[in-house]
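Trainee: I've got this one open on my screen and I'd like to slow down on one part of it. Could you pick a piece, look at it closely, and then show me how the rest connects to it?

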Amino acid sequence: MRTQVAIIGAGPSGLLLGQLLYKNGIDAVVIERQTGDYVLGRIRAGVLEQVAVELLEEAGVSKRLKSEGLVHDGFDIAYDSDLLRIDLKKLTNGKTVTVYGQTEVTRDLMDARSEAGLKTVYCAQDVEVIDYDTSNPKVKYKLNGQVHEIECDFIAGCDGFHGVCRASVPKNAIKEYERVYPFGWLGLLSDTPPVQEELIYGNHADGFYLCSMRSSQRSRYYIQCALSDHVDNWSDDKFWNALKSRLPQNLAEQLVTGASLEKSIAPLRSFVAEPLRFGRMFLAGDAGHIVPPTGAKGLNLAASDIRYLSRALIEFYGEKSEAGINHYSQKALARIWKGERFSWWMSMLLHRFPENTGFDNKIQRTEFEYLASSEHAQRVLAENYVGLSYT
Ligand code: RFL
Ligand code: PHB
């Protein structure tokens, strides 16, 4: 089999790249290790930057996003019992974010792909990337015990943090920067109305919490938990009680609880691999970088990588120019590091760190008070949260 671009991974990065290439007449095959249902079952991101929404529009997959996505003009930060509203719209001259689940983005992209009759190989085993530093790269995989090989011009490594693409690069050709945080997020999804219309990011003596949503009837809540913790230790009741005890009292009284649809623990990590190009293989999305979810940047950074990469490949095929692919890594990394900085900053502000001293706690509280007292500081936060514009 031959294709122009072999895309490894059918998460949002891989599917969005496939869709943008298809729109521009470039042939691609997507190779995914899991089933489609498994990919759709992972409950992850919920907040889209305006530039990510625009890219999904460009890809022709924004119909449902436009009708069902919730446009948010702001969000709250709670510190103990104090509440600060960040008025995104006012602080950024009209910019907003859209609450629309990653599951729905993925579903829309999968539907568009099957409507167009494009090839996705699910349940591919033992995926290997071969000769990616030559002009004739190949991808090998097993399906139902049979070995298949795809020849291609380029490989797009959209296979997430635990994927095969980054892992195939020799250690001396890649530099990795990492920070692991000493806690995780325990998330719960339920068919209950959200505690309020906008998101609340909270810092409480018992730890961080986040009140988010998927719709007016479906809520997504998170609480900070120990890294060693396990979901089996958390009955629904225990989760709701922990969340209630962290929320400011008036909100705790309004919280509607119900049976969980999903519960999971995610570790928090900051990670960047440099570079993101190895001959004719590119890394995009979580394959190349991870942010803690506190700034809602992971999926959005994945989308911005795909914007740079799709434009570079379109330029390569359309104008026979290598300028785009030569600059991909540098351009994408410049935006990624800004997302890393912001997500790290939000994480430092909002979590209780087990190793923190009295001094660290005072500084953290002062950071919140400074933010509450300074419109300049709020503007910096808002500018980053709605998404930095492209340079
Ligand atoms: P994904 O989604 O991990 O998809 C990679 C795909 O590659 C497949 N794969 C392979 N396929 C073939 N061969 C192999 N050897 C393979 N190895 C892996 C995997 O099965 C998978 O299907 O990466 P992608 O596409 O780059 O997308 C990245 C996003 O998923 C991620 O950044 C976000 O979910 C992060 N994130 C958030 N981002 C936001 O922008 N806003 C948010 O509000 C937000 N909230 C979150 C989040 C992530 C969370 N967790 C669980 C880490 C909240 C949480 C709790
Ligand atoms: C979510 O709704 O899952 C969500 C929202 C905001 C974040 C992280 C996760 O920062």
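**A close look at H10**

Mentor: Let's take helix H10, which is mostly covered: of its 22 residues, 16 are buried. Keep in mind as we go that this is a predicted model. H10 runs over residues 298-319. From its first C-alpha to its last it reaches 31 Å, close to the 32 Å you'd expect at 1.5 Å a residue. Just past the end of H10, look at the backbone of Lys 320: its phi is positive, at about 55°.

Now for what H10 sits beside. Ligand 1 is surrounded by 32 residues, and the closest of them are Ser 13, Glu 32, Gln 102, Asp 286 and Leu 299. Which element gives the largest share of that shell? H10 does, with three residues. On the polar side, a backbone N or O atom of Asn 300 is 3.0 Å from an oxygen atom of ligand 1. Asp 286 uses its side chain instead: an N or O atom there lies 2.7 Å from an oxygen atom of the ligand. Val 47 comes in through its backbone, with a polar atom 3.5 Å from an oxygen atom of ligand 1. How much of ligand 1 does the protein bury? Taken alone, ligand 1 exposes 1,000 Å², and the protein buries 90% of that. Two elements give two or more residues to this shell, namely helix H1 (12-23) and H10. By residue type, the shell around ligand 1 splits into 14 nonpolar, eleven polar and seven charged.

With that picture in hand, go over to ligand 2. Here 14 residues make up the surroundings, with Tyr 201, Ser 212, Arg 214, Tyr 222 and Pro 293 the closest. Strands do the supplying in this shell: E15 (207-215) and E16 (218-225) each contribute at least two residues. E15 gives the most, with three residues. Start your tour of the polar contacts at Ser 212, where a polar side-chain atom is 2.6 Å from an oxygen atom of ligand 2. Then look for two backbone contacts: an N or O atom of Arg 44 lies 3.2 Å from an oxygen atom of the ligand, and one of Thr 294 lies 3.5 Å from an oxygen atom of the ligand. As for cover, ligand 2 has 280 Å² of accessible area on its own, and the protein covers 97% of that. The residue types in this shell come to eight nonpolar, three polar and three charged.

Last stop: the charged pairs. Side chains of opposite charge can pair when their charged atoms come close. Counting a pair when a side-chain nitrogen of Lys or Arg is within 4 Å of a carboxyl oxygen of Asp or Glu, you get 24 salt bridges in this model. One to zoom in on is Asp 108 with Arg 64, where the closest N and O atoms are 2.9 Å apart. Why does that pair deserve a look? Asp 108 is in helix H6 (residues 102-115) and Arg 64 in helix H4 (residues 63-68), so their bridge ties together parts that are 44 residues apart in sequence. Is Asp 108 buried or exposed? Asp 108 is buried, with a relative accessible area of 10%, while Arg 64 is partly exposed at 24%. These two don't work in isolation either: Arg 64, Glu 68, Glu 104, Arg 107 and Asp 108 are linked in a network of salt bridges.

Then there are pairs inside a single helix. In helix H12 (residues 358-373), Glu 369 and Arg 365 are four residues apart, about one turn of the helix. Their closest N and O atoms are 2.7 Å apart, forming a salt bridge, and Glu 369 is partly exposed, with a relative accessible area of 40%. Glu 375 and Arg 379 make a salt bridge too, at 2.7 Å from N to O. They belong to helix H13 (residues 375-386) and, being four residues apart, are separated by about one helical turn. Glu 375 is partly exposed, at 40% relative accessible area, and so is Arg 379, at 34%.

Definitions and conventions
Residues numbered from 1 in each chain as written. Chains lettered and ligands numbered in written order. Predicted model: local features only at pLDDT ≥ 70, side-chain atom pairs only at ≥ 80, totals over all residues. Heavy atoms only, no water. Expected span 1.5 Å × (residues − 1). Buried < 20%, exposed > 50% of the residue type's maximum accessible area, 1.4 Å probe, protein only. Near = heavy atom within 4 Å. Polar contact = N/O pair within 3.5 Å; in protein donor to acceptor, adjacent residues only side chain to side chain. Areas by Shrake-Rupley, 256 points an atom, 1.4 Å probe, with all protein chains shown as cover. Nonpolar A, V, L, I, M, F, W, Y, C, P; charged D, E, K, R; others polar.
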